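Hi,

Here is the structure I said I'd pass on. Have a look at it first, and then my notes on the pockets and the helix packing follow below.

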Amino acid sequence: MTDSIGFLLSDASRLLRRRFDARARAIGVTRPQWRALTALSRAEGINQGALAERLEVEPITLCRMVDRLEEAGLVERRRDPGDRRVWRIFLTDRSRPLLDDLRVIGADVTERALDGLSPGERDALVRALERIRDNLTHEPVEAAHG
């Protein structure tokens, strides 16, 4: 192999993001915004701290991001009924057509990326990537020596 698997995965991921970002910008959405909206669509009502962890950003960064999304009418904050210090974040009706557009863009970009791969090759690729993700997610616990 001339390129390592890590390099190929990284490069393919970078190119997918670049292609998607360009298409998303055309409808007025930045990468942080589409990431936040997509994460919210998968866990609507999540609190700000958990969303910051999920997006791997600092809480203050997320707070500013949510401020902008709220100003644009795409999300709303609601107090947690069990803890008034906690804010839960919800999508608004205005965000749903935008998410639909982002899903179409994602499907188009993915289809372009997989062009020329047979259905069997696509399935094998998905299985291999899932295995890689699982292998890296579930690190074995090393025994302490002592």
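The second largest pocket comes to about 600 Å³ in volume. This is a predicted model, by the way, so please read everything here as computed from that. Sixteen residues might sound like a lot to scroll through, so start in the middle: of the 16 that line this pocket, R17, F20, W34, T38 and R42 sit nearest its centre. Helices α1, α2 and α5 are the elements that put two or more residues into that lining. By class, the lining of the second largest pocket splits into six nonpolar, five polar and five charged residues.

And what is the volume of the largest pocket? That one holds about 700 Å³ of space. Its lining runs to 19 residues, and those nearest the centre are L16, A113, L114, L125 and L129. At least two lining residues come from each of α1 (5-26), α5 and α6 (119-137), with α1 giving the most, at seven. The class split for the largest pocket is 12 nonpolar, two polar and five charged.

Now for the helix packing, starting with the pair α1 and α5. Their axes come within 10 Å and cross at roughly 140°, and the crossing is right-handed. On the α1 side the contact is made by L16, R19, F20, R23 and A24, while α5 brings L102, I105, G106, D108, V109, R112 and A113. Sorted by class, that contact has seven nonpolar, one polar and four charged residues. Two of the names should ring a bell: L16 and A113 are in this contact and are also among the residues nearest the centre of the largest pocket. F20 likewise takes part in the contact and is one of those nearest the centre of the second largest pocket.

Next, α2 (residues 31-42) against α5 (residues 95-113): the axes come within 11 Å and cross at roughly 105°. The cut-off for roughly perpendicular is 65 to 115 degrees, and therefore α2 counts as roughly perpendicular to α5. W34, L37, T38 and S41 of α2 make this contact with S95, L98, L99, L102 and R103 of α5. The residues there divide into five nonpolar, three polar and one charged. W34 and T38 belong to this contact and also lie among the residues nearest the centre of the second largest pocket. L102 of α5 turns up in the contact with α2 and in the one with α1.

Last pair: α2 and α3 (residues 48-55). These pack at an angle of about 115°, with the axes 10 Å apart, and α2 passes α3 in a right-handed crossing. Here R35, A36, A39 and L40 of α2 meet L51, R54 and L55 of α3. That contact has five nonpolar, no polar and two charged residues.

Cheers

Definitions and conventions. Residues are numbered from 1 along each chain as its sequence is written. This is a predicted model: local features need pLDDT of at least 70, side-chain atom pairs count only at pLDDT 80 or more; totals for chains, interfaces and linings use all residues. Side-chain values use heavy atoms; hydrogens and water are left out. Axes are lines fitted to C-alpha atoms, for helices over the stretch in contact, and angles run from 0 to 180 degrees between N-to-C directions. Helices (H or I, at least four residues) and strands (E, at least two) are DSSP runs, numbered from the N terminus. Angles under 35 degrees count as roughly parallel, over 145 as roughly antiparallel, 65 to 115 as roughly perpendicular and the rest as oblique. Contact means heavy atoms within 4.5 Å. Ala, Val, Leu, Ile, Met, Phe, Trp, Tyr, Cys and Pro count as nonpolar, Asp, Glu, Lys and Arg as charged, and the others, Gly among them, as polar. On a 1 Å grid over the protein atoms alone, a cavity is a set of points where a 1.4 Å probe fits but cannot get out, and a pocket is an open set with protein on both sides within 12 Å along at least five of seven lines; lining residues have an atom within 4 Å of a point. Grid points are joined across faces, edges and corners, and a volume is the space filled by probe spheres set on the points. A crossing is left-handed if the near helix is turned anticlockwise from the far one by less than a right angle, and right-handed if clockwise.
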